[in-house]
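Proteins can have open pockets and closed cavities. Have a look at the structure below and see where the empty spaces lie.

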Amino acid sequence: MTDLSPVVLITGASSGIGRACARHLHGRGYRVFGASRRPQPDEVFIPVEMDVDDDASVQRGVERVLAEAGRIDVVVNNAGYALAGAVEDTSIEEAQAQFETNFFGVLRVTRAVLPAMRQQRSGLIVNISSIGGVIGLPFQGVYSASKHAVEGLTEALRHEVRPFGVRVALICPGDYRTNTTANRRRPARDQSVYAAQFERTLQVIEHDEQSASTPEPVARLLEQIIRSAKPRPRYLIGPLVEQAAVRVRPFVPGRVFEFFVRKFYRLD
């Protein structure tokens with residue numbers, strides 16, 4: 001690998017989509033820095049300690065990459081987690097924690113890398129959203145809201161940084177088999193009037209996740225985006241039924257779309 005290899009920083013690289021992307025790009029000759037709160041030193045890519053919830057930690061991580069590589073060509077904002085539960089059952093503190101990682105983490109890293117990218121007059125920022133970023137998913141309302149926020153931020157950012165040669169894109173994955181299922185958080189509430197419905201819906205969610213493929217297709221898509229001179233604003237990837245739901249939604253009456261969502265998630 002030479003010093004001319006494109007330099008990529010990926011957050012949330014310890015597992016799931018982030019790890020798949022980091023390993024794939026490393027194998028393709030990119031110089032990959034994989035950031036996580038507890039980096040594993042035996043990874044094939046270069047581990048970087050970074051907590052996206054903390055300003056100082058993000059700044060230190062970015063500065064380390066710049067010190068070692070001299071530039072950052074691509075940033076993939078992937079760090080995040082899933083919170084599941086009824087909106088009414090979710091405390092303000094739990095919702096704030098979800099946004100702290102899923103939205104403000106993206107904002108922190110983006111703000112930290114943009115000065116270097118503007119100085120380079122080049123760069124690419126890829127934000128990992130979700131199908132839940134374009135469709136409000138039942139019993140994942142706060143998670144969906146955090147991803148909707150990422151979508152809005154990304155669309156605005158594309159316009160703002162274009163004059164500086166910086167490109168921005170979204171990847172909206174559907175279900176993939178990762179540790180999201182095992183690590184999903186729930187509101188800390190002992191009793192809930194939504195409990196029975198929530199458990200039925202969660203069974204659908206977790207079944208679809210564990211029946212899906214591993215996330216290597218997302219990694220291959222990421223490389224295509226990096227190689228594109230003019231990336232599209234948004235890329236959908238995942239099970240065809242989930243992609244179809246996003247694509248047909250603008251053309252289907254709202255109540256009809258809601259009917260199929262309720263059927264899909266076994267809602268009363």
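This report goes through one pocket and then the cavities.

The model is predicted. Start with the second largest pocket. Its volume is about 320 Å³. The pocket is lined by 15 residues, and the closest to its centre are Gly 136, Pro 138, Glu 258, Val 261 and Arg 262. Which helix gives the most to the lining of this pocket? Helix H10, residues 254–264, does, with 5 residues. By type, the pocket lining has 8 nonpolar, 3 polar and 4 charged residues.

Now turn to the closed spaces. There are 2 cavities of 30 Å³ or more. The table sets out their volumes and linings.

| Cavity | Volume | Nonpolar | Polar | Charged |
|---|---|---|---|---|
| Largest cavity | about 60 Å³ | 5 residues | 4 residues | 2 residues |
| Second largest cavity | about 30 Å³ | 3 residues | 5 residues | no residues |

Which residues line the largest cavity? They are Ala 13, Ser 14, Gly 34, Ala 35, Ser 36, Arg 38, Pro 39, Gln 40, Glu 43, Phe 45 and Pro 47. Strand E2 spans residues 31–36 and gives the most to this lining, with 3 residues.

The second largest cavity has its own set. Around it sit Thr 11, Val 52, Asn 77, Asn 78, Ala 79, Thr 101, Gly 105 and Val 106. No charged residue is part of that lining. The lining of the largest cavity, in contrast, includes 2 charged residues.

Definitions and conventions
Residues are numbered from 1 along each chain as its sequence is written. This is a predicted model: local features need pLDDT of at least 70, side-chain atom pairs count only at pLDDT 80 or more; totals for chains, interfaces and linings use all residues. Side-chain values use heavy atoms; hydrogens and water are left out. On a 1 Å grid over the protein atoms alone, a cavity is a set of points where a 1.4 Å probe fits but cannot get out, and a pocket is an open set with protein on both sides within 12 Å along at least five of seven lines; lining residues have an atom within 4 Å of a point. Grid points are joined across faces, edges and corners, and a volume is the space filled by probe spheres set on the points. Helices (H or I, at least four residues) and strands (E, at least two) are DSSP runs, numbered from the N terminus. Ala, Val, Leu, Ile, Met, Phe, Trp, Tyr, Cys and Pro count as nonpolar, Asp, Glu, Lys and Arg as charged, and the others, Gly among them, as polar.
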